[in-house]
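Me: Hi! Could you walk me through this structure? I'd like to start with what counts as buried.

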Amino acid sequence: MRGITKEFPGVRALADVTLTVRRGEIHAICGENGAGKSTLMNVLSGVYPFGTYTGDIVVDGEVMRFAGIRASEQAGIAIIHQELALIPELSITENIFLGNEVATGGRIDWVEATSRARELLERVGLREDPDTQIKHLGVGKQQLVEIAKALSRDVELLILDEPTAALNEGDSRHLLDIIRTLQGRGMTSIIISHKLAEIEAIADSITIIRDGRVVETLDVGAGGVDEDRIIRGMVGRSLDRRFPDRTPDIGEVFFEIRDWTVQHPAIPERLVAKSASLTVRRGEIVGLAGLMGAGRTELAMSIFGRSYGTYLSGTMFKDGRPIVLHNVQSAIDHGLAYVSEDRKQLGLNLLDTVKRSIVSAGLGKIARAGVVDDTREFRVAEDYRQQLRIKTPSVDDGVGTLSGGNQQKVVLAKWMFTDPELLILDEPTRGIDVGAKYEIYTIIQALAAAGKGVLLISSELPELLGIADRIYTVFEGRITDCIDAAGASPEALMRSMTRTRKKDVA
Ligand SMILES: Nc1ncnc2c1ncn2[C@@H]1O[C@H](COP(=O)(O)OP(=O)(O)OP(=O)(O)O)[C@@H](O)[C@H]1O
Ligand SMILES: [Mg+2]
């Protein structure tokens, strides 16, 4: 890509970016949230067609003018977007060949399609029946289906935009192994990720983008490239600490659930929470650790106004008194807030503006006689924009135009605005760059210092150990252990996360 410049109304997302990728390499792109990584890949893959940017895309010496995604696919380029784009109700086979059906004489040949799908699944190491509906697969497997889909189109250059953001360690490792295997067969890949350890391990070259410009391209083979080096390129300085210092000031227990049991919404014989008990004290950051599918999100959502599953039994206490939260509104009224792990489906309405998104859980606070006061709405949103450094030209812009990480900050702002007593955070730093992570930790700690309780779900064990005071481990809907974060090791935590026998904890 030569001298690529791409502008949106009010923003220059890319300014004269040149990116050179060698055949057969794994080329990483790193940069802070909003740096322009996804935009650059959208230009390359024809999402933003020729004419909407300036500069040249050159493949094997030939200047390409992609009119759309189809055109880039014909040139052997495939992109897997930051947010997965598979259709949940369709099968693996149907998804793989969607828009590219295996047909003879105008009729889809399902036998042939299924057998080709099976072959592709084998190539990505996914053992699933091709007839399985996508909605029955976890995100890790869905990513593999996306790769299989790309492979079905004779791809030469595979672009992966944050493919491991939603994956646990095991699934991430598997995905990276697959990318390496494909490399062995001649595939070229471009990978975007905020997980720098991963990048350090897999990339041959790393191009760093800051504010829409290329800062540098590092040759990993030449040596001297580690996480710190990448961070220095991204933020212009070293980050000597990943977690801010804090002296916890922990008060009394103010929130508690006892024997909390919740049924799966569709499968009555499955319990997503099994007699779970936990407490949160004022000023305390409580972690919830568990493997993917352990039931952490289900537990959190069932606490938050029964927004997941069917409540069976158990009691919730606030300030020593039992409370019943039938729905989300009553949860908000009782001072609970929940930052969902799924910002696009549950955290935001992407058609809203940034400002409306920020005030949407607390409209009452900026209304007069039931009418939203626009001036106050703007002022509140503007405050959060500055405080959280949300990158957007204006809070009047659509929240859907923000980069992934900045959308995450908007969701956080929305719940901070409700001034909750108990803030439940579900993977709050997913897709967040290293610098912004530090900022988010600072915010979480400030909320705790202000006497609020925080319940933090995270798949990143160093993060849990770095900022939680106490950590509950969850296994198959049960709380199996509670450990003090100070002095605990990731290994010890992992052991508790995978242990099945319930030890009574309160
Ligand atoms: N459709 C759009 N309309 C307006 N502005 C946009 C649009 N898409 C991206 N932008 C802006 O372009 C800039 C770059 O965004 P981009 O999504 O490329 O960032 P990114 O590096 O992928 O960030 P992240 O790590 O958060 O995913 C941001 O300032 C973003 O707000
Ligand atoms: Mg992005």
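Reply: Sure! A residue is called buried when its relative accessible area is under 20%. This is a predicted model, by the way. With that cut-off, 14 of the 14 residues of helix 14 are buried, so helix 14 is largely enclosed by the rest of the structure.

Me: Where is helix 14, and what span does it reach from its first C-alpha to its last?

Reply: Helix 14 covers residues 404–417 and reaches 20 Å from its first C-alpha to its last, close to the 20 Å expected at 1.5 Å a residue.

Me: And which residue follows helix 14?

Reply: That would be Asp419, which has a positive phi, near 50°.

Me: OK, on to sheets. What is the strand order in the open sheet of six strands?

Reply: The order is 18-21-22-15-23-24, and the pairing is mixed. Strand 18 (336–339) and strand 24 (478–484) are at the edges with a single partner strand each, so one side of each has no neighbour in the sheet. From one strand to the next, the twist averages 20°.

Me: Let's take the strand 18 edge. In which sense do strand 18 and strand 21 pair?

Reply: They pair in the parallel sense, over four bridges. One residue to look at is Tyr338, whose bridge partner in strand 21 is Ile424.

Me: Which residues cover the two faces of strand 18?

Reply: Leu336 and Tyr338 are on one side, Ala337 and Val339 on the other, and all of them are buried.

Me: Now the other edge. How many bridges join strand 23 to strand 24?

Reply: Six bridges, and the two strands run antiparallel. Arg470 has Asp484 in strand 24 as its bridge partner, and Val474 stands opposite Ile479 in strand 24. Strands 23 and 24 form a hairpin with two residues between them. Glu476 is in that turn, with a positive phi of about 45°.

Me: Nice. Which strands does helix 15 lie across?

Reply: Helix 15 (residues 434–449) lies across strand 15 (285–290), strand 21 (422–426) and strand 22 (453–457). Its direction is at about 130° to strand 15.

Me: Switching to rings. How many aromatic pairs does the structure hold?

Reply: There are seven aromatic pairs. One of them is Phe50 with Tyr53, an edge-to-face pair at 6.2 Å centre to centre with 85° between the planes.

Me: Is Phe50 buried or partly exposed?

Reply: Phe50 is partly exposed, with a relative accessible area of 39%. Tyr53, on the other hand, counts as buried at 7% relative accessibility.

Me: And what about Phe304 and Tyr338: why is that pair called tilted?

Reply: The planes of their rings are at 40°, so the pair is tilted, and the centres are 5.8 Å apart. "Tilted" is the class for planes that are neither under 30 degrees apart nor over 60. The pair links distant parts of the chain, 34 residues apart: Phe304 is in the loop between helix 9 (296–303) and strand 16 (310–318), and Tyr338 is in strand 18. Both Phe304 and Tyr338 are buried.

Me: Which residue joins Phe304 and Tyr338 in one aromatic cluster?

Reply: Trp415.

Me: Any charges over rings?

Reply: Yes, including these. Lys6 has its charged end over the ring of Tyr48, 4.4 Å from the ring centre. The charged end of Lys365 sits over the ring of Phe417, at 5.2 Å from the centre.

Me: Back to sheets for a sec. What is the order in the open sheet of four strands?

Reply: That order is 2-1-4-5, with antiparallel pairing. Strand 2 (11–17) and strand 5 (62–64) are the edges, each with a single partner strand, so one side of each is left without a neighbour in the sheet. The twist averages 35° from one strand to the next. Strand 1 (residues 2–8) is joined to strand 2 by four bridges, and Glu7 stands opposite Arg12 in strand 2.

Me: Last one: what is Ile178 in contact with, leaving aside its neighbours within four places in sequence?

Reply: Ile178 is in contact with Arg123, Val124, Gly125 and Leu144. Ile178 lies in helix 6 (residues 169–184) and counts as buried at 8% relative accessibility. Its C-alpha is separated by 8.3 Å from that of Arg123, 55 residues apart along the chain.

Key. Residues are numbered from 1 along each chain as its sequence is written. Chains are lettered from A and ligands numbered from 1 in the order in which they are written. This is a predicted model: local features need pLDDT of at least 70, side-chain atom pairs count only at pLDDT 80 or more; totals for chains, interfaces and linings use all residues. Side-chain values use heavy atoms; hydrogens and water are left out. Two strands pair if DSSP finds at least two bridges between them. Axes are lines fitted to C-alpha atoms, for helices over the stretch in contact, and angles run from 0 to 180 degrees between N-to-C directions. Contact means heavy atoms within 4.5 Å. The expected span of a helix is 1.5 Å times one less than its number of residues. Buried means under 20% relative accessible area, exposed over 50%, partly exposed in between (1.4 Å probe, protein chains only). Rings of Phe, Tyr and Trp (its six-membered ring) pair if their centres lie within 6.5 Å; planes under 30 degrees apart count as stacked, over 60 as edge-to-face and the rest as tilted. A charge sits over a ring if NZ of Lys or CZ of Arg is within 6 Å of the ring centre and within 35 degrees of the ring normal.
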